Amino acid sequence: MAEKLKVTLVKSTIGAVPKHKKTVEALGLRKLNKTVELPDNDAVRGMIWHVRHLVKVEEI
């Protein structure tokens, strides 16, 4: 696993399942096309897996 992950919100959460909206917000993503760097661990990977249709992920 990489040390960090770069996560970018590429699709709007409007119309998404409420649980997915909360997950995106918990990842630290508030606006479209914003990027955050997160540690690469199982908890973060699991959150990303649930909203994989809304985000783009890069290993850094």
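**Exercise 1. State how many helices and strands the protein chain has, and give their order along the sequence.**

Solution. The protein chain contains 2 helices and 3 strands. The model is a predicted one. Following the sequence, these elements come in the pattern β-α-β-α-β.

**Exercise 2. Decide whether the radius of gyration of the protein chain agrees or disagrees with that of a compact globule.**

Solution. Step one: for 60 residues, a compact globule would have a radius of gyration near 10 Å. Step two: the value for the protein chain is 11 Å, which agrees. Step three: for the extents, the C-alpha atoms fill a box of roughly 30 × 20 × 15 Å along the principal axes.

**Exercise 3. Describe the burial, contacts and surface of the protein chain.**

Solution. Burial: 32% of the 60 residues count as buried. Contacts: among those with a separation of 6 or more, 71% are made by residues 24 or more positions apart. Surface: about 4,200 Å² is exposed, and carbon and sulfur atoms supply 53% of this area.

**Exercise 4. Count the charged side chains and the salt bridges.**

Solution. The protein chain carries 12 positive and 7 negative side chains. The centres of these two sets are 11 Å apart. Over the whole structure, the search gives 3 salt bridges.

**Exercise 5. Identify the residues that are linked with Arg 45 in a network of salt bridges, and classify each by accessibility.**

Solution. Step one: take the pair of Arg 45 and Asp 40, whose closest N and O atoms are 2.7 Å apart in a salt bridge. Step two: Arg 45 also forms a salt bridge with Glu 59, at 2.9 Å from N to O. Arg 45 belongs to helix H2 (residues 42–50) and Glu 59 to strand E3 (residues 55–59), so this pair ties together parts that are 14 residues apart in sequence. Step three: Asp 40, Arg 45 and Glu 59 are thus named as a network of salt bridges.

Step four: apply the cut-offs, with buried under 20% relative accessible area and exposed over 50%.

- Asp 40, at 11%, is buried.
- Arg 45, at 32%, is partly exposed.
- Glu 59, at 53%, is exposed.

**Exercise 6. Find the salt-bridge partner of Lys 56 and state the accessibility of both residues.**

Solution. Lys 56 meets Glu 58 in a salt bridge, with an N to O distance of 3.6 Å. This lies within the 4 Å cut-off for a salt bridge. Glu 58 has a relative accessible area of 33% and is partly exposed. Lys 56, with 42%, is partly exposed.

Methods
Residues are numbered from 1 along each chain as its sequence is written. This is a predicted model: local features need pLDDT of at least 70, side-chain atom pairs count only at pLDDT 80 or more; totals for chains, interfaces and linings use all residues. Side-chain values use heavy atoms; hydrogens and water are left out. Helices (H or I, at least four residues) and strands (E, at least two) are DSSP runs, numbered from the N terminus. The radius of gyration is taken over C-alpha atoms; the globule rule is 2.2 Å times the number of residues to the power 0.38. Buried means under 20% relative accessible area, exposed over 50%, partly exposed in between (1.4 Å probe, protein chains only). Contact means heavy atoms within 4.5 Å. Accessible areas come from the Shrake-Rupley method with a 1.4 Å probe; for residues, only the protein chains shown count as cover. Lys and Arg count as positive and Asp and Glu as negative; His and the chain ends are not counted. The place of a charge is taken as NZ of Lys, CZ of Arg, CG of Asp or CD of Glu.
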